Amino acid sequence: MSEIKEIYLHNYTKPAYSIESINLEFDLFEEYAVVTSSMKIQKSDEAEKHLRLDSIDLELVSLSINGLELDDSRYIIESESLTILNVPAAFSIKIINKIYPQNNTELEGLYKSGDIFCTQNEPEGFRRITPYLDRPDVMSVFTTTVIADKSKYPVLLSNGNKKESLSLDNERHSVTWFDPHKKPSYLFALVAGDLGSINDAFVTASGENVELNIYCDKGNESKCDHAMKSLKEAMTWDEEKYGREYDLEIYNIVAVDSFNMGAMENKGLNIFNSAYVLADTDTASDANFMGIQSVIAHEYFHNWTGNRITCRDWFQLTLKEGLTVFRDQCFSADLNSKEVQRIEDVKSLRERQFVEDASPTSHPIQPKSYISMNNFYTATIYEKGAEVIRMIHTLLGEENYRKATDLYFESFDGQAVTTDDFLWAMSEASGVDLRAFKNWYHQSGTPKLSVSESFCDGIYSLTLTQSVPNAVDGTAQKPFYYPLKIALLDTKGKEVVNEMIIISKETETFEFKGLSEKPVLSINRDFTAPIIIEQENVEFAFLIEHDTNSFIKYEATQAFAIETIESMMKGSPINPAFTDSFGKLLSLDTDLSYKALLLELPSVSTLMQRQEEVDFEPIYEAKEKLAKHLALVYEEKLLALYKENHQTDAELDSLSMGKRSLKNRVLRILSGNETQALAALTRKQYEESMSMSDRVVALDILENTHPEFASVAHADFYSKYKDQTLVMNKYFAILASSHRSGTLDRVQALQNDEVYDEKVPNLVRSLIGVFARNYKHFHSKDGHAYSFVADKIIEIDKINAQMASGLAGAFKIYTRMNKTNKELMKKELERIAATDGLSKNTFEIISKILK
């Protein structure tokens, strides 16, 4: 096992050295690369004698200071560092080392994705390239020269603006890039390849011309148009909403297939997982198009919230990620449907982050310690972090929030700062005291708020009690401070009160006077706070019919369905009141995408989170029974809705996408019947539709209801798309998520498919990752699936530790499982933990789960 060392926030110290500038030269060859790093370094702490640089697997060629080469008595090479002894106060240093990108399966540092050289340096990849002070609070000016074979690698890219291009001997060439903005090493990027591209331009609000380029594998250029459109929309939006203009002459994006993350905001050279760049109507679903728009914007927005102002240390990660997720969510809401976007954001939070908050890996949005920083690119840091920023926005109001962000940019441009610095700007500009709000940064878990109501003599009393879970180590935590939007409705559904209250104590009572009758409470409107509401005797049907808040109407439909399913799990019959409410939704005249969300039954994950001891079998049984009941009762209405909204084209306007969303929701409900007529309708949709969204839904339904027809459709899909990796991700995901018996056997067999490659993260996620989230089969009581996924974690850990630790997250609910499953899980977790040579990434996740 690699050295296990826990890093603590309270041990932070300022860097003892600063790096004024760095000149990098990369000489790229097929078997290796030679890296030459020339740095000007200044000592910040005169008491410091030695310079310790971060370095992994260093193959040193030469090392010199102020032009004099050092012998090996002047430095010490260890597994993760290069220490140079007795350095002067100010000096120049030149390091030449050799690396092997083609052997780098970790996909950190410089590696090859197919025939493309590319980098991923966040959080600590740069130390795999060359020795450096690889920490975010060391910021320097980078000049980079890339040298390679001109025919094999005609495109040579790095950060900043292009400075010089030269033709060299032996059919090689070089390009030099200069980035005038100081940045930490994690934002360094390099790409070399024979790439296709599309090109455009953008004129900033102050009249500066920016060259825009998106690079990809040749032949995929036409699939970059939506990404380019999204980029220009994001640039315009950031100018209008935040007053932030782009600050270089060129903005480059490169799409690569092998990438551990979604994308990386390297200054002026964003490197993307191709899944978030490439799309056309034949190969990408509506969700893919929306995801590309969001991620392109997210990485662009990082130019100010992440690059120009970065993190002092990695414990501050939510400073850039939570803020930038909030920004991209608002961008998507402004360009599309605010109502739908908010619900999708909350769904994602509950599916991923609430589960994390209730697990042994729960942590605050500002963690106190870590073993591997790679394990903290989590839903908590990102999605919960965004909700914390949203609450600040709510507390300040739009006008004060804009003043506060202006102050933040003006005060900290070009610096590496902390979450406290951000909160200072929010308070300073607005006059709002946020000291009590800081608990959201330092406490973990999802708070609950229980509701108690009374009405007497025209006074409605609302008593709210916070329940804050203990931290993972058992430490008691304090009450949270947050805004809460509420409304009171009279018996006709009219709002008689609509206001925002502040929750700050363990228990507090709010009184509303002058009411003629007991009102109906509408609480946590727009999901103001990321909390769980506990309330008894809720009038769900009334809220569904009368509440004008789109989120509360959705919330009521979900809560009513949850109540119905949970009562069925206890042996009760289906609640006819829920069936009636569902029927009324079918006739509701509203936005089609929003209506599709209203008709969605709660996910298995949502239902699982409410169980004290998790057992998936009764959840699936009750949910499937309810779905079948609704399909039978409303078959005629559902078919009418399907026909009304069915069209075979693949247009991307909001109406067409809304029609597809609604008709595919209806088709999924109807699939509960499993009739031959439904099978024929589904096959027809697969065969005739031009939209990937329609085809994928049809394939998924056939896979789970009519395997005899699914096999034919799968063969057709495979034949058409086997050479397109991004589409094959969908193919593997459909088969891995199947509820049919024998799914584990089919997943195991698919590993031998010629398309599957265990070194490509997207393929691993779509097959093994999706299967590990297939609750029905992963948690089978024979334990075979646990054993299979544990085997894959051990195997992949040797290739790509970041991927392996991600897969290990499937075991996070271990402590809440029923006795049978828990014992089976424990056996596999202990087997993983005992594996020789286990990476610190995977060790950290597994040890926390077992602990």
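1. In this predicted model, D345 counts as buried, because its relative accessibility is 9% and the cut-off for burial is under 20%. D345 belongs to helix α4, which covers residues 338-357. Neighbours within four places in sequence being set aside, D345 is in contact with Q329 and R390.

2. A second buried residue is H706, located in the loop between α18 (692-705) and α19 (707-721). H706 is assigned to the buried class because its relative accessibility is 3%. Once residues up to four places away in sequence are excluded, H706 touches E674, T675, Q676, A679 and I701. As a reference distance, the C-alpha atom of H706 is separated by 47 Å from that of G125, with the two positions 581 residues apart along the chain.

3. Helix α22 (residues 761-772) is mostly covered, with eleven of its twelve residues buried. The buried residues are P761, N762, L763, V764, S766, L767, I768, G769, V770, F771 and A772. Which elements cover them? The cover includes the strand β21 (269-273) together with α20 (725-736), α21 (743-750), α23 (775-778), α24 (784-797) and α25 (801-808). A general point may be useful when reading such a list: an α-helix has 3.6 residues a turn, so residues three or four places apart point the same way.

4. The cavity count, taken at 30 Å³ or more, comes to four. The largest cavity has a volume of about 70 Å³. Its lining consists of I544, T557, Q558, A561, F578, S581, F582, L585, L598, L599, E600 and L601. Two elements, α10 (550-569) and α11 (576-586), each give two or more residues to this lining. The greatest contribution is that of α11, with four residues. By class, the lining of the largest cavity comprises eight nonpolar, three polar and one charged residues.

5. The second largest cavity has a volume of about 60 Å³. It is lined by T318, L319, G322, L323, I365, G385, I389, T419, F422 and Y441. Elements giving two or more residues to this lining are α3 (317-335), α5 (379-396) and α7 (419-430). Which element supplies the largest share of the lining of the second largest cavity? That element is α3, with four residues. The lining divides into six nonpolar and four polar residues, with no charged residue.

6. Turning to the sheets, eight strands form an open sheet in the order β6-β5-β9-β3-β2-β12-β15-β14, and the pairing is mixed. The edge strands of this sheet are β6 (68-69) and β14 (161-167), each pairing on one side only. Within the sheet, strand β12 (residues 140-149) and strand β15 (residues 172-183) run antiparallel and are joined by nine bridges. One of the positions in this pairing is V146, whose bridge partner in β15 is V175.

7. Another open sheet has three strands in the order β4-β8-β7, with antiparallel pairing. Its edge strands, β4 (51-54) and β7 (75-78), each pair on one side only. From one strand to the next, the twist averages 15 degrees. Four bridges pair β7 with strand β8 (residues 81-84) in the antiparallel sense. In this pairing, Y75 stands opposite I84 in β8.

8. Strand β17 (residues 195-203) pairs with strand β18 (residues 209-217) in the antiparallel sense over nine bridges. The bridge partner of V203 in β18 is N209. These two strands, β17 and β18, form a hairpin with five residues between them. What is the sign of the phi of G207 in the turn? The phi of G207 is positive, at about 90 degrees.

9. Strand β18 also pairs with strand β19 (residues 250-256), to which it runs parallel and is joined by five bridges. Here Y215 has V254 as its bridge partner in β19. Thus β18 takes part in an antiparallel pairing with β17 and in a parallel pairing with β19. In general, strands of a sheet pair through backbone hydrogen bonds, either parallel or antiparallel.

Note on methods
Residues numbered from 1 in each chain as written. Predicted model: local features only at pLDDT ≥ 70, side-chain atom pairs only at ≥ 80, totals over all residues. Heavy atoms only, no water. Pairing = 2+ DSSP bridges. Axes fitted to C-alpha atoms, helices over the stretch in contact; angles between N-to-C directions. 1 Å grid on protein atoms, 1.4 Å probe; cavity = no way out; pocket = protein on both sides within 12 Å on 5 of 7 lines; lining within 4 Å. Points joined across faces, edges and corners; volume = space filled by probe spheres on them. Nonpolar A, V, L, I, M, F, W, Y, C, P; charged D, E, K, R; others polar. Buried < 20%, exposed > 50% of the residue type's maximum accessible area, 1.4 Å probe, protein only. Contact = heavy atoms within 4.5 Å.
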